[in-house]
Amino acid sequence: MAACLQTHFLQTRPSHFRSSTSSSRPTSLRCTCSAATPSTKKSYKITLLPGDGIGPEVVSVAKDVLLLTGSLHGIKFEFQEKLLGGAAFDATGVPLPDDTLSFAKQSDAILLGAIGGYKWDKNEKHLKPETGLLQLREGLQVFANLRPATVFPQLVDASTLKREIAEGVDLMVVRELTGGIYFGKPRGFGTNEHGQEIGFNTEIYAAHEIDRIARVAFNIAQKRGGKLCSVDKANVLEASMLWRKRVTALAQEYPDVELSHMYVDNAAMQLIRYPKQFDTIVTNNIFGDILSDEASMITGSIGMLPSASLGDSGPGLFEPIHGSAPDIAGQDKANPFATVLSAAMLLKYGLGEAEAAERIESAVLETLNKGFRTADIYSAGTKLVGCKQLGEEILKSVESHVSATAGV
């Protein structure tokens, strides 16, 4: 089963994560492949990569949610847990063992927790946990990273922005994931003509890399609000000049999508000034990395946001966008919502199991409606709980399947 992108995108029902003040347009997509659909396959192999820090804690919660949801929808999951990141380095001497990549490629989808931590900061670059994640993405050939940023009505006051700015924000960042400066060559260290030590990287994109991510973004924009903003730095960078040229040319194939362009520095400012102007954003690897994290804070906590990484073929990679948070690891303080919502994206985008995904999405909102919060989203009048108890409350809501719009 492949979480592929060279298939048709199907419109799903309106997003359950939209504020009551926003429009009725649908915001989510599911990508289905002819190789396997919900009607022909109800057994899936899932590779779990708990990783480092809080990763094992939040993945454990998401696994339980998947198991319960699957039992209620006639879906069987076969889980295989593998090492990645710092945990893999400690056990095997490398951040991405061969058998981890092999199992991941053979699975129907991969659920990742988080990688990295202070412990491995001084590792040589090729032995850093982050290198293992980059190698995993490259090995899976997942080039399209989808990062939704939606302000939950229950958490609008948790945003650092004023209510009138944050309320109703519902955007999607489509980030190119396997090209650009993170992978470009030449790269490395050297000495300049003055004998000074230098470090250098290369921002490089081929036309086909730009075209394929732009098509994904145009397709997503069609199913959302029909607006696509391409973010670049075309006033300075040649790679961005090509980016803008290719995206502009492709726009002719999507007359129903309103295309705009914005320099990345302006986009960073506009996301704070008036985030509701954005519907779908497409951008390169490094800009997407930065802007999606910025967008996450509009929602109140990076602990609420999931992501999906998809390719032309093969399994998709689903993970929360937050880091490993080593300072709270093992203390039952982690927020598992983002990983649980990543599991919902795994069902919707990776396996085509839209109804099961909706059950999880509904359960998250119902748990929020009941007032349960981890410390990162806690406010006066709500109930402060740990990662495990929050997981138990999500499971109760999964089983009851209360409408996600209740109390909104």
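The cavity search on this structure comes to two cavities of 30 Å³ or more. Keep in mind that this is a predicted model. Below is a quick tour of the second largest cavity, the two largest pockets, one helix pair and a couple of buried residues.

**The second largest cavity**

- This cavity has a volume of about 30 Å³.
- Its lining is made up of Glu-203, Tyr-205, Val-231, Asp-232, Ala-239, Ser-240, Trp-243 and Asn-284.
- Two elements, β10 (227-232) and α7 (238-250), each give two or more residues to that lining.
- Helix α7 has the largest share, with three residues.
- Sorted by class, the lining of the second largest cavity has four nonpolar residues, two polar ones and two charged ones.

**Ser-240, one of the cavity-lining residues**

- Ser-240 sits in helix α7 and is among the residues that line the second largest cavity.
- Is Ser-240 buried or exposed? With a relative accessible area of 2%, Ser-240 falls under the 20% cut-off, so it counts as buried.
- Leaving aside residues up to four places away in sequence, Ser-240 touches Asp-232, Lys-233, Ala-234 and Phe-287.
- Of those partners, Asp-232 also lines the second largest cavity, while Phe-287 turns up again in the contact that α9 makes with α8.

**The α8/α9 pair**

- Helix α8 (residues 264-273) packs with helix α9 (residues 285-298) at an angle of about 10 degrees, and their axes are 10 Å apart.
- That angle is under 35 degrees, so the two helices are roughly parallel to each other.
- On the α8 side, the contact uses Val-264, Ala-267, Ala-268, Leu-271 and Ile-272; on the α9 side, it uses Phe-287, Leu-291, Glu-294 and Ile-298.
- By class, the residues of this contact come out as eight nonpolar, no polar and one charged.

**The largest pocket**

- About 420 Å³ of space lies in this pocket.
- There are 18 lining residues, and the ones nearest the centre are Glu-130, Leu-133, Arg-137, Arg-147 and Asp-289.
- Two or more lining residues come from each of β5 (109-114), α4 (129-140), α9 and β14 (316-320).
- Which element gives the largest share of this lining? That would be α4, with four residues.
- The lining of the largest pocket divides into seven nonpolar, three polar and eight charged residues.

**The second largest pocket**

- The volume here is about 230 Å³.
- Lining this pocket are Lys-125, His-126, Thr-131, Leu-134, Gln-135, Glu-138, Tyr-182, Phe-183, Lys-185 and Arg-187.
- The class split for this lining is three nonpolar, three polar and four charged residues.

**Thr-47 and its surroundings**

- Thr-47 has its place in strand β3 (residues 43-51).
- Thr-47 has a relative accessible area of 1%, so this residue is buried.
- How far apart are Thr-47 and Ala-104 in sequence and in space? They are 57 residues apart along the sequence, yet 5.8 Å apart from C-alpha to C-alpha.
- Not counting residues up to four places away in sequence, Thr-47 touches Gln-80, Lys-82, Phe-103, Ala-104, Ser-107, Ala-109, Ile-110 and Leu-111.

Terms used
Residues numbered from 1 in each chain as written. Predicted model: local features only at pLDDT ≥ 70, side-chain atom pairs only at ≥ 80, totals over all residues. Heavy atoms only, no water. 1 Å grid on protein atoms, 1.4 Å probe; cavity = no way out; pocket = protein on both sides within 12 Å on 5 of 7 lines; lining within 4 Å. Points joined across faces, edges and corners; volume = space filled by probe spheres on them. Nonpolar A, V, L, I, M, F, W, Y, C, P; charged D, E, K, R; others polar. Axes fitted to C-alpha atoms, helices over the stretch in contact; angles between N-to-C directions. Parallel < 35°, antiparallel > 145°, perpendicular 65-115°, else oblique. Contact = heavy atoms within 4.5 Å. Buried < 20%, exposed > 50% of the residue type's maximum accessible area, 1.4 Å probe, protein only.
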